[in-house]
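I opened this notebook to keep track of what I looked up, one topic per entry.

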Amino acid sequence: MKILVTTPTGNIGRQVVRELLAPEFSVRVIVRDPSRLPEEIRRQTEVVHGSTDDATTLRRALDGVEALFWCVPGESLQATDVRGHYERFARAGGQAIREAGTRRVVTISAGGKGLARKAGPISGLHAMEDILNESGAAIRHLRCGAFMENFLREAQAIAGRGVLSYPMPGHLAIPMVAATDIADTALRWLARRDWKGIAGVAVHGPEDLSHGQATAVMERVLERTVRYQESSANRYVQSLVGCGASAEYARSRVEMFAELAEGISRAEPRTVESTTPTALAAWTESALRPVVETIAPQLNRDVASACSCDAQTGGGS
């Protein structure tokens with residue numbers, strides 16, 4: 001079976017590629033920068049140089065392909081039309097899939113379909129679903145909970161200040177799932193030939209957690225203070241803009257958290273099938289802890305250096 005994998009260097013895509021390197025599969029990847037692929041992956045796959053928002057390149061990459069793993073790369077911090085980002089990729093994808101006659105597609109989407117109205121990137125992913133549904137392919141949209149990997153973006157704040165902060169109340173629980181569990185679910189659908197039609201597939205992780213509960217897990221595993229502090233919408237926007245984000249990007253994130261707080265995750269009730277095994281504690285130990293332990297010594301050196309400078313200059317007075 002020949003399978004095309006998009007975003008093969010992403011958190012999910014790279015795991016999908018590695019698991020597909022078996023005799024029964026022929027793997028093709030499409031990537032903007034082939035040098036980002038490990039050498040062993042370049043040796044064992046067919047590499048198409050290009051972007052999945054280019055319908056012509058994607059159509060060529062789909063020649064002879066039976067199944068497509070579709071994941072839109074995340075929008076940049078400078079994005080000014082977050083929903084449009086996902087729609088642009090989906091239009092190119094829908095055209096290429098239709099022209100190539102690709103039989104089956106497995107996409108990475110988000111929970112809340114049917115309830116989310118203005119939820120930033122979540123709404124963009126749902127718009128992507130609607131566009132791809134017109135391609136003529138059989139599709140399974142993996143509607144995932146919040147990625148545990150998103151916490152890696154907060155590693156510096158966790159290591160330096162012991163704080164995790166989002167514009168969402170800390171007691172509201174949402175599904176949280178590891179990328180490895182999403183990849184495993186995608187692989188099960190990609191490897192099968194016995195399904196048709198279009199459907200959503202919930203991928204929820206082992207349990208719903210509030211951010212307050214999540215920081216308690218992190219504190220225990222990391223053996224350092226970690227607390228959750230709800231941010232105001234304005235402060236969160238200012239923080240992101242201060243890090244180089246566009247105002248539109250920052251507002252899209254506030255919209256996302258606001259709708260999560262309203263309970264859009266209820267759109268896909270948890271089932272035995274949607275419950276996946278990787279617990280936050282295990283993910284924190286394997287993924288977050290190494291990053292925090294790498295960052296923390298540098299932060300300590302920076303603080304020590306600043307204190308030394310203060311002592312030499314009289315504290316800047």
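The entries below go through strands, a pocket and a handful of single residues.

**Entry 1, the model.** I note at the outset that I am working with a predicted model.

**Entry 2, strand 5 and its burial.** I began with strand 5, which spans residues 104-110, and found that seven of its seven residues are buried. I then asked which of its residues point one way and which the other. Arg-104, Val-106, Ile-108 and Ala-110 go to one side, while Val-105, Thr-107 and Ser-109 go to the other, and both sets are buried. In a regular strand the side chains are expected to alternate between the two faces of the sheet.

**Entry 3, the partners of strand 5.** Next I looked up how strand 5 is paired. Strand 4, residues 67-70, runs parallel to strand 5 and is joined to it by four bridges, with Phe-69 standing opposite Val-106. Between these two strands the chain passes through helix 4, and the resulting β-α-β crossover is right-handed. Strand 6, residues 138-144, is also parallel to strand 5, and here the pairing extends over seven bridges. Val-106 appears again in this pairing, standing opposite Arg-140 of strand 6. I recorded a right-handed β-α-β unit for this pair as well, made of strand 5, helix 5 (residues 121-132) and strand 6.

**Entry 4, an open sheet of three strands.** I turned to the sheet whose strand order is 7-9-11, which is open and has mixed pairing. Which strands stand at its edges? They are strand 7 (146-147) and strand 11 (208-209); each has a single partner strand, so one side of each has no neighbour in the sheet. Strand 9, residues 174-177, pairs with strand 11 in the antiparallel sense over two bridges, and I noted that Pro-175 has Asp-208 of strand 11 as its bridge partner.

**Entry 5, the second largest pocket.** I looked up the second largest pocket and found that it holds about 160 Å³ of space. Its lining includes Thr-80, Val-82 and Arg-83, then Arg-117, Lys-118, Ala-119, Gly-120 and Ser-123, and further along the chain Glu-248, Arg-251, Ser-252 and Glu-255. By type, the lining residues are two nonpolar, four polar and six charged. Which helix gives the most to this lining? Helix 10 does, with four residues; helix 4 (82-100) and helix 10 (247-261) each supply at least two.

**Entry 6, Lys-2.** Lys-2 has its place in strand 1, residues 2-6. I list it as partly exposed because its relative accessible area is 24%, which falls between the limits of 20% and 50%. Leaving out residues up to four places away in sequence, Lys-2 touches Ser-26, Arg-28, Glu-46, Asp-63, Gly-64, Val-65, Glu-66 and Ala-67. I also noted that its C-alpha atom is separated by 10.0 Å from that of Leu-20, 18 residues apart along the chain.

**Entry 7, Ile-12.** Ile-12 lies in the loop between strand 1 and helix 1 (13-20). Is Ile-12 buried or exposed? It is buried, with a relative accessible area of 3%. Apart from neighbours within four places in sequence, Ile-12 is in contact with Phe-69, Ile-108, Phe-147, Ala-179, Ile-182 and Ala-183. The C-alpha atoms of Ile-12 and Ala-186 are separated by 9.1 Å, although these residues are 174 residues apart along the chain.

**Entry 8, Thr-284.** Thr-284 belongs to helix 11, residues 280-313, and at 0% relative accessibility it counts as buried. Its contacts, again without neighbours within four places in sequence, are Met-218, Val-221, Leu-222, Arg-289 and Pro-290.

**Entry 9, two positive phi angles.** Most residues other than glycine have a negative phi. With that in mind I wrote down Thr-7, which is not a glycine and yet has a positive phi of about 40°. Thr-7 sits in the loop between strand 1 and helix 1, and at 17% relative accessibility it counts as buried. I also wrote down Glu-223, whose phi is positive at about 60°. Glu-223 is placed in the loop between helix 8 (211-222) and strand 12 (227-228), and it is exposed, with a relative accessible area of 63%.

Methods:
Residues numbered from 1 in each chain as written. Predicted model: local features only at pLDDT ≥ 70, side-chain atom pairs only at ≥ 80, totals over all residues. Heavy atoms only, no water. 1 Å grid on protein atoms, 1.4 Å probe; cavity = no way out; pocket = protein on both sides within 12 Å on 5 of 7 lines; lining within 4 Å. Points joined across faces, edges and corners; volume = space filled by probe spheres on them. Nonpolar A, V, L, I, M, F, W, Y, C, P; charged D, E, K, R; others polar. Buried < 20%, exposed > 50% of the residue type's maximum accessible area, 1.4 Å probe, protein only. Contact = heavy atoms within 4.5 Å. Pairing = 2+ DSSP bridges. Right-handed = clockwise from strand over helix to strand, strands pointing away.
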